[in-house]
Amino acid sequence: MSSEPGRVEVSAALPAADRASVLAVGDAAHRADGVAALDDQVRLDLEFGTGAAVRHLVVRAAGSDVVGGYGHLRPAATGGVGHLVVHPDHRRRGIATALVAALREEAAPGALRLWAHGNLEPARRLADRLGFTAARELRQMQRALDEPLDDPTYPADVSAQTFRPGVDDSAWVEANADAFASHPEQGRLTVDDLHERMAQPWFDPAGFFLAERGGRLLGFHWTKVHPAGELGEAAVGEVYVVGVRPEAQGLGLGKALTLTGLHHLRACGLATVTLYVEADSPAATSLYARLGFAVTNLDVEYRADPAR
């Protein structure tokens, strides 16, 4: 079999057969590596389509129609953010290098940023060889749910309730934009993005908590449950996103909302909960550490070094 990579095919949308093949490549890599190379946003883009802006890059194994590798690029003001994955059976044949070259070309004239979930050694070697440097770190933290949990405490004038689909949609998008105004991905979510997530099998409004005062949404905690086999042998809960508007900082809502969600996940019969937090967010990292979370993994965003 040829050791040369096939041609990189670039498109704004993939046919159903290729979408299924890409997801199969991602699942095979996940089983081999112990970490998912394609995040939620990539999978949503594959499922729902994204218009002309996002680029899907496919490399087929030489001389066949078999998808051996996949790249994903979302445009950004200063270039683009990419992911890539290569099927374990087709590695060490130049597919990753070919994908990075094509992603760089599609991201021009700005800088390309690439996520390495788990920051595995092969990803670190590839980044170094192709002139990328670590620019951002996302920590994965976990805790057991059979350990003691405090009860949530809210200010007297703040009420907590669950999300009401079709009623709270726009209010949540506005509050999320305020809470994550400086975040490169989370703060840009639209009502359509929310609805895409609401259409997923894991969505459960009973695990989506809102904190309000006088009818104004101040903060929220959206939980998620990963089914057995996705992150481990047993089902695992996730602190999917916790956000508090700047005007409500200092009221203790982040802690109260997090605890509310943790109690909910425990009541669902889950033994473990995970979350992701920016390494340069000391306040959030400190809060989660006080709540019993410990770092278990690290995702790194690499940035193309223009000097190399």
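# Exercises on a predicted fold

In the hairpin formed by β8 and β9, 2 residues sit between the strands, and G214 adopts a positive phi near 60°. The model is a predicted one: local features need pLDDT of at least 70, side-chain atom pairs count only at pLDDT 80 or more, and totals for chains, interfaces and linings use all residues. Residues are numbered from 1 along each chain as its sequence is written, and side-chain values use heavy atoms, leaving out hydrogens and water.

Helices (H or I, at least four residues) and strands (E, at least two) are DSSP runs, numbered from the N terminus. Two strands pair if DSSP finds at least two bridges between them.

## Exercise 1: Follow the sheet

Work out the order of the strands in the sheet, and find its edges.

Step 1. Read across the open sheet of 12 strands: its order is β1-β2-β3-β4-β5-β12-β6-β11-β10-β9-β8-β7, and the pairing is mixed.

Step 2. Look for strands that pair on one side only: these edge strands are β1 (8-11) and β7 (159-162).

Step 3. Check the twist. Neighbouring strands of this sheet are turned by 25° against each other on average, direction ignored. For such angles, axes are lines fitted to C-alpha atoms (for helices over the stretch in contact), and values run from 0 to 180 degrees between N-to-C directions.

## Exercise 2: Strand β8 and its partners

Is β8 largely enclosed or not, and which way does it run relative to β7 and β9?

Step 1. Start from β7, which is joined to β8 by 4 bridges, the two running antiparallel. Here T162 has F209 in β8 as its bridge partner.

Step 2. Move to the other side, where 6 bridges join β8 to β9, again antiparallel. L210 stands opposite F220 in β9.

Step 3. Consider burial, where buried means under 20% relative accessible area, exposed over 50%, and partly exposed in between (1.4 Å probe, protein chains only). In β8, 5 of the 6 residues are buried, so the strand is largely enclosed by the rest of the structure.

## Exercise 3: Helices on the sheet

Find which strands are touched by α5 and by α7, and at what angle each helix meets β9.

Step 1. Begin with a parallel pair: strand β10 (residues 236-244) is joined to β11 (residues 272-278) by 3 bridges. V239 stands opposite L275 in β11.

Step 2. Helix α5 (residues 169-179) packs on the sheet and touches β8 (208-213), β9 (216-226) and β10, with its direction at about 95° to that of β9. Contact means heavy atoms within 4.5 Å.

Step 3. Helix α7 (residues 253-267) also packs on the sheet, touching β6 (132-144), β8, β9, β10 and β11; its direction makes about 35° with that of β9.

## Exercise 4: Around V173

Which residues does V173 contact, leaving aside its neighbours within four places in sequence?

Step 1. Place V173 in helix α5. V173 counts as buried because its relative accessible area is 13%.

Step 2. Leaving aside those neighbours, V173 is in contact with L189, T190, V191 and L194. V173 and V191 are 18 residues apart in sequence, and their C-alpha atoms are 6.3 Å apart in space.

Step 3. Turn to helix α6 (residues 191-198), whose buried residues are D193, L194, E196, R197 and M198. These buried residues pack against α2 (40-48), α5, β9 and β10.

## Exercise 5: Two loop residues with positive phi

Are R92 and N119 buried or exposed?

Step 1. R92 is found in the loop between β4 and α3. R92 has a positive phi of about 60°, although it is not a glycine.

Step 2. With 79% relative accessibility, R92 counts as exposed.

Step 3. N119 lies in the loop between β5 and α4, and has a positive phi of about 45° although it is not a glycine. N119 is buried, with a relative accessible area of 13%.

## Exercise 6: A buried threonine

Where does T285 sit, and what does it contact?

Step 1. T285 belongs to helix α8 (residues 282-290).

Step 2. Its relative accessibility is 12%, so T285 counts as buried.

Step 3. Leaving aside neighbours within four places in sequence, T285 is in contact with R139, M141, V277 and E278.
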